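The following report walks through one protein model, starting from a single residue and widening to the packing of its helices. Please keep the sequence and the structure in view while reading.

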Amino acid sequence: MATTQRDDVITWLRDAHAMETSHADNIEHLIGIADDYPLLKTKLRHHADFAKRQCEEIEAELKRLGADTSMLKDLAMKVGGWLQPLTSKLTSDTVPKNCLAAFAYENFEIASYRSLLGAAEELSLLELSAMCKRFIAEEQAMADFLFEQLPGITQSYLKRRAA
Ligand SMILES: [Fe+2]
């Protein structure tokens with residue numbers, strides 16, 4: 001693997017780490033306002049555990065590639081700002097709106113890991129390839145859940161508003 005190729009993969013893995021760290025924060029926020037939606041809350045708790053574990057796995061992968069992992073926390077702050085429109089500015093702070101943002105975020109994650117999967121296969125990085133496939137399945141499960149639940153969540157929200 002040429003140095004420049006390795007550097008690209010390291011950059012993308014750092015981005016993915018920042019994305020997951022910021023995602024974990026978004027999920028915690030949504031959990032905090034989802035008391036009236038027990039199924040959603042349970043699912044989110046489960047997914048928050050995934051996000052934390054994914055961060056650890058990405059960190060391990062970076063170390064395997066010989067990358068410096070000391071700057072990961074600072075990068076997380078940066079990506080938080082970058083994805084801000086998805087998570088707050090364009091949305092009001094309600095459960096349905098946060099679920100829209102969460103659905104968009106899951107799909108962004110899926111796209112990121114699909115891209116990283118291509119890199120892993122091009123450079124014959126077997127562990128990275130396996131990791132991406134696992135992560136894609138985990139993000140897809142959450143995206144599918146939100147896709148299915150969104151109408152019901154919104155109905156439930158409106159009923160509460162009328163009450
Ligand atoms: Fe996710």
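L150 touches P96, C99 and L100, leaving aside residues up to four places away in sequence. This is a predicted model, and within it L150 has its place in helix α6. With a relative accessible area of 14%, L150 is buried, because the cut-off for that class is under 20%. L150 and F103 are 47 residues apart in sequence, and their C-alpha atoms lie 9.3 Å apart in space.

A second residue of helix α6 can be read in the same way. S129 has its place in α6 and is buried, with a relative accessible area of 9%. Residues up to four places away in sequence again left out, S129 touches L117, A120 and E121.

What lies in the loop between α5 and α6? S124 is found there, and at 56% relative accessibility S124 counts as exposed. The phi angle of S124 is near 55 degrees, which is a positive value in a residue other than glycine.

**Overall make-up**

The protein has six helices and zero strands, and along the sequence the pattern reads α-α-α-α-α-α. Of its 163 residues, 44% count as buried. Among the contacts in the protein with a separation of 6 or more, residues 24 or more positions apart account for 79%.

**How the helices pack**

Two packed helices are described by the angle between their axes and the distance between the axes. The table sets out these values for three pairs of helices.

| Helix pair | Axis distance | Angle |
|---|---|---|
| α1 and α5 | within 11 Å | roughly 160 degrees |
| α2 and α6 | within 11 Å | roughly 160 degrees |
| α5 and α6 | 8 Å | about 165 degrees |

With the axes of α5 and α6 packed at an angle of about 165 degrees, α5 is roughly antiparallel to α6. The crossing in which α5 passes α6 is left-handed, and the residues of this contact divide into 22 nonpolar, four polar and six charged.

Helix α2 spans residues 38-64 and helix α6 spans residues 126-162. Their crossing angle of roughly 160 degrees lies over the cut-off of 145 degrees, and α2 and α6 are therefore roughly antiparallel to each other. The crossing of α2 and α6 is left-handed. On the α2 side the contact includes L39, L40, H47, F50, R53 and I58, while on the α6 side it includes L128, M131, F135, E138, M142 and I153. By class, the residues of the contact of α2 with α6 comprise 12 nonpolar, three polar and nine charged.

Helices α1 and α5 are likewise roughly antiparallel to each other, and α1 passes α5 in a left-handed crossing. Among the residues that meet here are V9, W12, L13, A16 and M19 in α1, together with C99, A102, Y105, F108 and Y113 in α5. The contact of α1 with α5 has 14 nonpolar, six polar and three charged residues.

**The nonpolar cores**

In soluble globular proteins, nonpolar side chains tend to be buried together. Which residues touch the most other members of the largest nonpolar core? Of the 25 residues in that core, these are V9, L13, I58, Y113 and L128. Helices α1 (3-32), α2, α5 (95-122) and α6 each supply at least two residues of this core, and the largest share, seven residues, comes from α5.

I58 shows how one of these residues is surrounded: residues up to four places away in sequence not counted, I58 touches L13, A16, H17, E20, Y113, M131 and F135. Two of these neighbours, L13 and Y113, are named with I58 among the members of the largest core that touch the most others. M131 and F135 also appear among the α6 residues in the contact of α2 with α6.

There is also a second, separate core of 16 residues, which includes Y37, A102, M142 and L150. Within this second core, A102 is one of the α5 residues that meet α1, and M142 is one of the α6 residues that meet α2. L150, with which this report began, is thus a buried residue of α6 that belongs to the second core.

Note on methods
Residues numbered from 1 in each chain as written. Predicted model: local features only at pLDDT ≥ 70, side-chain atom pairs only at ≥ 80, totals over all residues. Heavy atoms only, no water. Axes fitted to C-alpha atoms, helices over the stretch in contact; angles between N-to-C directions. Helix = DSSP H or I, 4+ residues; strand = E, 2+ residues; numbered from the N terminus. Parallel < 35°, antiparallel > 145°, perpendicular 65-115°, else oblique. Left-handed = near helix turned anticlockwise from the far one by under 90°. Contact = heavy atoms within 4.5 Å. Nonpolar A, V, L, I, M, F, W, Y, C, P; charged D, E, K, R; others polar. Core = buried A, V, L, I, M, F, W, Y, C linked by side-chain atoms within 4.5 Å. Buried < 20%, exposed > 50% of the residue type's maximum accessible area, 1.4 Å probe, protein only.
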